[in-house]
Amino acid sequence: MLTSVDTDLIRVLADPLRLQIVTLLAKETLCTTHLVEETGAKQTNLSNHMKVLREAGVVDTEPCGRYTYYKLRPDVLAQLAGRFAELAESARNAADNKRACP
């Protein structure tokens, strides 16, 4: 069953730019400059989205001189994926269950 934490995370990942950022970070750890180049987003807009992803626990930060690197937390995504896998399994098992109408 999905929890309120899961639905909050789904909302965070539903934004197209944040989903693009997560997809990029799944391939490598990137700094803000890299993310601006890859996404075409303005730096201030990107920083706002990164704050949302940090607060949701999706990414970790790593300071490196004057740059901040972002790293994806795969455990958070794996946990959400597991919830969806549970829902899919439940739906498979319930396919033949039909509640009678009154």
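Which residues does threonine 39 touch, once we leave out residues up to four places away in sequence? Leu17, Gln20, Ile21, Leu24 and Leu46. Keep that list in mind. Before I go on, a caution: this is a predicted model.

Let's stay with threonine 39. This residue sits in helix α3, which covers residues 32–39. Is threonine 39 buried or exposed? Its relative accessible area is 18%, and the cut-off for buried is under 20%, so threonine 39 counts as buried. The side chain has two polar contacts to talk about. One goes to the backbone oxygen of leucine 35, at 2.7 Å. Another goes to the backbone nitrogen of alanine 41, at 3.2 Å.

Now the helix packing. Take α2, residues 16–25, and α4, residues 43–55. Their axes are 10 Å apart, and the packing angle is about 75 degrees. Angles of 65 to 115 degrees count as roughly perpendicular, so that is what we call α2 and α4. Who makes the contact? From α2, we have Leu17, Arg18, Ile21, Val22 and Leu25. From α4, we have Asn45, Leu46, His49, Met50, Val52 and Leu53. Look back at threonine 39: Leu17, Ile21 and Leu46 are among the residues it touches, and those three also take part in the α2 to α4 contact.

On to the core. How many residues are in the largest nonpolar core? There are 20. The ones with the most contacts inside it are Ile21, Leu25, Leu35, Met50, Leu53, Val58 and Val59. Five elements give two or more residues each: α1 (4–14), α2, α4, β3 (67–72) and α5 (74–93). Which element gives the largest share? That is α2, with 5 residues.

Valine 59 deserves a closer look. Set aside its neighbours within four places in sequence. Valine 59 is then in contact with Leu25, Met50, Leu53 and Arg54, and also with Tyr70, Lys71, Leu72 and Arg73.

Next, the sheet. There are 3 strands, in the order β1-β3-β2, and the sheet is open with antiparallel pairing. The edges are β1 (30–31) and β2, each pairing on one side only. As a reminder, strands of a sheet pair through backbone hydrogen bonds.

Let's count bridges. Between β2 and β3 there are 6, and the two strands run antiparallel. In that pairing, aspartate 60 has lysine 71 of β3 as its bridge partner. Glutamate 62 has tyrosine 69 of β3. On the other side, β1 and β3 are also antiparallel, joined over 2 bridges. There, cysteine 31 has tyrosine 69 as its partner in β3. So tyrosine 69 is the bridge partner of both cysteine 31 and glutamate 62.

What lies across β2 and β3? Helix α4 does, running at about 120 degrees to β2.

Last stop, the turn. A hairpin is formed by β2 and β3, with 2 residues between them. Glycine 65 is in that turn, and its phi is positive, about 65 degrees. Arginine 66 is in the loop between β2 (59–64) and β3 as well. Is arginine 66 buried or exposed? Exposed, because its relative accessibility is 74%. Its side chain still has a partner: a polar contact with the side chain of tyrosine 67, at 3.1 Å.

To recap the two ends of the talk: threonine 39 is buried, at 18%, whereas arginine 66 is exposed, at 74%.

Notes
Residues numbered from 1 in each chain as written. Predicted model: local features only at pLDDT ≥ 70, side-chain atom pairs only at ≥ 80, totals over all residues. Heavy atoms only, no water. Core = buried A, V, L, I, M, F, W, Y, C linked by side-chain atoms within 4.5 Å. Buried < 20%, exposed > 50% of the residue type's maximum accessible area, 1.4 Å probe, protein only. Helix = DSSP H or I, 4+ residues; strand = E, 2+ residues; numbered from the N terminus. Contact = heavy atoms within 4.5 Å. Polar contact = N/O pair within 3.5 Å; in protein donor to acceptor, adjacent residues only side chain to side chain. Pairing = 2+ DSSP bridges. Axes fitted to C-alpha atoms, helices over the stretch in contact; angles between N-to-C directions. Parallel < 35°, antiparallel > 145°, perpendicular 65-115°, else oblique.
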